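Colleague: I would like a close look at one part of this model, the sheets and the helices that go with them. Please take it slowly and say how far the prediction can be trusted.

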Amino acid sequence: MNSEEKIRIGLEVHAQLATGKLFCRCSSGNGTDTDFRIKRRLWTVSGEMGEIDRAASYERERNRSFLYRKSVNSCLVEADEDPPHEINQNALMAAIRVSLAMDSVTFRNMCVMRKLVVDGSNTSGFQRTMLVSLGGYIDTGKGKVNISSLCLEEDSARKVSAEGEKAEYSLSRLGIPLLEISTEPDIQDENQAVEVARKIGDLVAGTGFFRPSAEAIRQDVNLSLGYGRVEIKGVSKLSLISEAIRYEVSRQRNLKRLSEELNYRLKGEEVAVKFRDVTDKMSESGSKIAKSQIENGSRAFCTILKKCSGLLKSGEYRLGMEIAEMVKMFGLKGVMHSDELPAYGVSEDILMALRSEMRAGTDDAILIIFMKENMSGIIEREIEKRIRKVLMMDLSETRYVTEDGHTHFLRPLPGSERMYPETDIPYVSADELISRASALGKIEDAETRAVKISEKFGISRQDATTIVKNFMEDEFVRIAEILSDGRLSARLLVQFIPEMERKKKTMPDRDLILELLKFAGSRGYGRESIEVMIEMLSSGFTVEQIKNSDEIKPLTIEEINKMIHEAGKINKPGELIAYIKSRTRRPLDPVIIKKVMDNIINEQ
Amino acid sequence: MFEALTVAVSTDLRFGDRVKLTYNGRKIEGMFISLEHGLITLKLGNGYNIVLQEDEFRPDQVTKAENKPERRPRSVDVKNGVKILATGGTIASRIDYTTGAVKPSPEVISALETGEQNVGYSVIDDILSENMTPEKWIYIAKKTKEELDRGNHVVILHGTDTMTYTASALAFMLERQSRSVILTGSQRSSDRPSSDAFENISSSIMFTALNAGEVCISMHGSISDFSGRLMRGTRSRKMHTSRRDAIRPVDGRYLARIEDGVAIKEAEFRSTGEDSVLIPKMDSRAAILYFYPGMDPGIFETIAQKNDAIVIMGTGLGHVSESIISEVRKAHGSGVHIVMTSQCIAGNTNLNVYSTGRELKAAGAISAGDILPEVALTKAMFLLANHSDEFEKLMQIPMRGEIEERLRIE
């Protein structure tokens, strides 16, 4: 490792809360989408200080419109058609309790801010967020990891589809409360990062408002090798952290070598990108890519990249990829460059002709991009910026990670300029909640909570631990209260529902499960009926269909007796059950079976 | 420059000053934003604002901010083009920390400064529309007339709350117009990326291509963007507190829509004429009275004493209780004009169907078809000032498209 390099890792953990949405009274369940759509566009506006944020202005250059799908758990607030309502007190309470548990400095008054995000993931063009506390720490096996801040914010809308410049989002997730906990760059390696994320998850679960869902905990990784902060988005699986870090470290080291080489070659010469329309040459080239691009109305543009020959793609040098990933964000299909040509149906002759037309020297690379004419100015500037960043070794930006652990350019790092006070919400006074939170005491650790649950609901220690470790305790308590049966609730949560999820490959809506359980409770339905109900829900039946279905009704004594009468002689419960199962799929209540058998035995 | 601080510092702080302090043992650095009701707002380096109570605020160090020149809205003149007159409202607003006031937004100003050919602007007022008055309507009308005479179409940026009042007041005062006059506003302020301000302004400019010779309103036609609609100023009303399509035509239809950046006519309207004629006079001795069951007749009496015309928002076809009818008779006897409109907003009033209506008619009340209550008010003010001897007759006939004589089957 280079002596000046020191890897510094920080985490930003986002945990959803199941308190209902933050600024309206919609549910925080997985509300299904409807067919109603709203079409919008977003404009770039300046921050509180009157400056336009660089990430925001980057998105503006991309000129996009968005579709939003109404979900059953969205109202005019999510549609940005109604100002935010009062803040959700339970969500604020959870934020304060986690702050106190980390020994953070919690503010008595809070100011809701708008964080400008114009990628379409918020109908308003901003995410509402508030700083709840500063400082604090999490203990790990490798020592303390300091916390920089805890914010309470709204989750963004989930992207349903994206096609070129058009993106469609669902309003379902928008507005769900999110705790954003950022650590200082104190983390030494991926194992410690995993431990910190898990400990934070434990704390949130301990508030009683953890939202059970596949996306309940998400984290971003901040990484620095001394070449600027890189924020890596979407590290949903903790196992991806180490791969992403490894990839990013090697990418930055390669860029460092590339930077030294290019600086040496340029000797202070300015980076200049100037496109020339080479559509005529490219349409003669016989390249299929060129042909289809030009037929679709794009034109071919070529530029010299001074002294870049051999740096775009050869050995460990990958400047071409850096440029290609950036232009991709403008909806362009990518680039062709001299390090990889002849290829893509572009012959040596065409390449030579282009080089001579561009007056490229032997050290110079040439780069070809297909785009609409009005894009060329923006792309010129962006490529120049990109190369200058490498020359200066300022690699700070926001990247995202793909399943293979590779990171890709997403956008420039947003600055503090994207913050603007939410003028629709007055200051939030937290005095009363802070004293209530203090009275409740610190959040207990996972082990203590597991012991308590096991004792209170009469379930095995193992089940209780599984429930707590998987952040399901709130859900468990709710179900156990509805069914007044701890064991059955644990069985459903630990075994049956996960089994259904594996089998049907969908995660049934937790709110709908609760609704069905309440219905079952009110009818006195037992385990068998409940399992049929959940299976039907996983298979796509609606709650109404399930409630009205005959398949969930347990057989009555009269119905069973009638079957026995039709069957003739039956002696053992096993025989009876087998016979009934052969005739109907309806649930059998073991209590009823026992009653029937007792009657038969008595009669004999 | 550092200043040592001892006492009562917060009152000396100005927006932009940098402050270092210790809060519960933690060092905090921020920029002073404001002091309001004993609460101090600081902006931290990460952009978040924090709020401290004055008694928690113990700065260790303050660095005074340099004075930054304020960006003032300019005025750009134009001839034979489109002139935008900003009067305030959400469309033009942005919070100003130094005064706490709502100020013209730099976004809208810069949107106007895009160098679009033949589009000029000037900021003629800066108020929220609930603070409009008949005097301000006259002022706006005069400014509008000046621009019409320069050959300009006029787009007026205005708060949506009372847009109908201003639009209809302008409509009555402008007897003829040589160019279009279009009011527009926004439901989401222009300091938000999702603001409808920019689209509403650009739609308004596009609608001037239709040369409508009436005072119109242009806003969204749905909660989606790309839905610019043109409405008759005297037939539209704010029908929702917060939606983008809050202003809708009542008992009427949209006059035009924007499709793929082009204005397309949807209904008939008067075209622009050779010249513009303005009658800039309004008499503000008119009031609206919203009737409700059990209303104290004394309320009516008090209002009648202070006004020369009362627009009643009656129930259903235009009714009030018996005890109010006798007050109507008294007021009419002393020369007060009584105009009946309906709380139903949509549909005609009719004083012939029920005995209450007939008694009201006998007491001197008149009805004016389906005129909107707010429009009846501005029309009453216009008639009082300019045609008081023909008040009853003119109130009942459409002067600026304010009465729909045939309600369509839809």
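Modeller: What follows begins with confidence, then takes chain A and afterwards chain B.

This is a predicted model, in which local features need pLDDT of at least 70 and side-chain atom pairs count only at pLDDT 80 or more, while totals for chains, interfaces and linings use all residues. Residues are numbered from 1 along each chain as its sequence is written, chains are lettered from A and ligands numbered from 1 in the order in which they are written, and side-chain values use heavy atoms, with hydrogens and water left out.

The predictor gives the complex an ipTM of 0.89 and a pTM of 0.83. The term pLDDT stands for the predictor's confidence in each residue, from 0 to 100. Chain A has a mean pLDDT of 88, with 95% of its residues at 70 or more. Helices (H or I, at least four residues) and strands (E, at least two) are DSSP runs, numbered from the N terminus. Among the elements of chain A, helix α1 (residues 54–61) has the lowest mean pLDDT, 52, and helix α2 (residues 89–101) the highest, 97. Where pLDDT is low, the predicted coordinates should not be read in detail.

Now the sheet in chain A. Two strands count as paired if DSSP finds at least two bridges between them. Four strands of chain A form an open sheet in the order β15-β16-β18-β17, with antiparallel pairing. β15 (276–277) and β17 (335–337) of chain A are at the edges with a single partner strand each, so one side of each has no neighbour in the sheet. Within this sheet, β16 (residues 299–305) and β18 (residues 365–371) of chain A are joined in the antiparallel sense by seven bridges, and Arg299(A) stands opposite Met371(A) in β18(A).

Helix α7 (residues 319–328) of chain A lies across β16, β17 and β18 of chain A, and runs at about 155° to β17(A). Axes here are lines fitted to C-alpha atoms, for helices over the stretch in contact, and angles run from 0 to 180 degrees between N-to-C directions. Contact means heavy atoms within 4.5 Å.

Two backbone details belong to the loops of this region. Leu341(A) and Pro342(A) are joined by a cis peptide bond with omega about 0°, and Pro342(A) is in the loop between β17 and α8 (348–358) of chain A. In the loop between α8 and β18 of chain A is Arg359(A), whose phi is near 55°, a positive value in a residue other than glycine. Most residues other than glycine have a negative phi, and most peptide bonds are trans.

Chain A also has a helix pair to look at. Helices α4 (residues 239–266) and α9 (residues 376–392) of chain A pack at an angle of about 95°, with axes 7 Å apart. That angle makes α4(A) roughly perpendicular to α9(A), a label for angles of 65 to 115 degrees. Residues of α4(A) including Arg251(A), Leu255(A) and Leu266(A) meet Arg386(A), Ile387(A), Val390(A) and Leu391(A) in α9(A).

Chain B averages a pLDDT of 90, and 90% of its residues score at least 70. Over residues 1–8 of chain B, pLDDT stays under 50.

The sheet in chain B is open, with four strands in the order β21-β22-β23-β24 and parallel pairing. Its edge strands, β21 and β24 (365–367) of chain B, each pair on one side only. The twist averages 30° from one strand to the next. Five bridges join β21 (residues 286–290) to β22 (residues 309–314) of chain B, where Ala286(B) stands opposite Ala309(B). β23 (residues 337–342) and β24 of chain B pair in the parallel sense over three bridges, with Ala365(B) in β24(B) as the bridge partner of Ile338(B).

Definitions and conventions. Angles under 35 degrees count as roughly parallel, over 145 as roughly antiparallel, 65 to 115 as roughly perpendicular and the rest as oblique.
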